[in-house]
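Grab a pencil and work through these exercises one at a time. Try each task yourself before you read its solution.

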Amino acid sequence: MEEQEIIENRENREYMLKAVQEKGKNLELVSEQLQDDEEIVKTALEQDGEALEFASNRLKGNKEVVLLAIETAPWTICYASEKLKADREVMIKACKTYGQ
């Protein structure tokens, strides 16, 4: 999928679901509404945990979403909500995954 094609379809949920399955960081190009869609964000994170950077603030505060991201990209804890950065379970998972 080409970037321009993705941008032109940024409101199309089905299209964007396929786009983030192909490349998680395509989440950057989707509409704000779809960046707040839990299924789309989780699909992006399964492909690339670094896509958490482009999730909505609401989903950056969702423990399940953040844990999914740090499974493959533990440093993405920096994008989590302040509440989750202070969550013991989340921080332990990030540190264990990072190997420190």
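**Exercise 1.** Among contacts in the chain between residues at least 6 apart in sequence, what percentage join residues at least 24 apart?

*Solution.* Keep in mind that you're looking at a predicted model. Start with the contacts whose partners sit at least 6 apart in sequence, then pick out those that link residues at least 24 apart: that gives 32%.

**Exercise 2.** Which elements make up the chain, from the N terminus on?

*Solution.* Count first: the chain has eight helices and zero strands. Now read along from the N terminus, and you get α-α-α-α-α-α-α-α.

**Exercise 3.** Does the radius of gyration of the chain agree or disagree with that of a compact globule?

*Solution.* Take the 100 residues; a compact globule with that many would come out near 13 Å. The chain has 13 Å, so the two agree. For the spans along the principal axes, the C-alpha trace gives about 40 × 25 × 15 Å.

**Exercise 4.** How many positive and negative side chains does the chain have?

*Solution.* The tally is 14 positive and 22 negative. Next, take the centre of each set: these centres lie 8 Å apart.

**Exercise 5.** How many aromatic pairs are there, and are Trp75 and Tyr79 buried, partly exposed or exposed?

*Solution.* The count is one aromatic pair. Trp75 and Tyr79 form it, 5.8 Å centre to centre. Their planes are 65° apart, and over 60 counts as edge-to-face, so that's the label here. Buried needs under 20% relative accessible area and exposed needs over 50%. Trp75 has 38%, so it is partly exposed; Tyr79 has 22%, so it is partly exposed.

Note on methods
Residues numbered from 1 in each chain as written. Predicted model: local features only at pLDDT ≥ 70, side-chain atom pairs only at ≥ 80, totals over all residues. Heavy atoms only, no water. Helix = DSSP H or I, 4+ residues; strand = E, 2+ residues; numbered from the N terminus. Rg over C-alpha atoms; globule rule 2.2 N^0.38 Å. Contact = heavy atoms within 4.5 Å. Lys, Arg positive; Asp, Glu negative; His and termini not counted. Charge placed at Lys NZ, Arg CZ, Asp CG, Glu CD. Phe/Tyr/Trp six-rings, centres within 6.5 Å; stacked < 30°, edge-to-face > 60°. Buried < 20%, exposed > 50% of the residue type's maximum accessible area, 1.4 Å probe, protein only.
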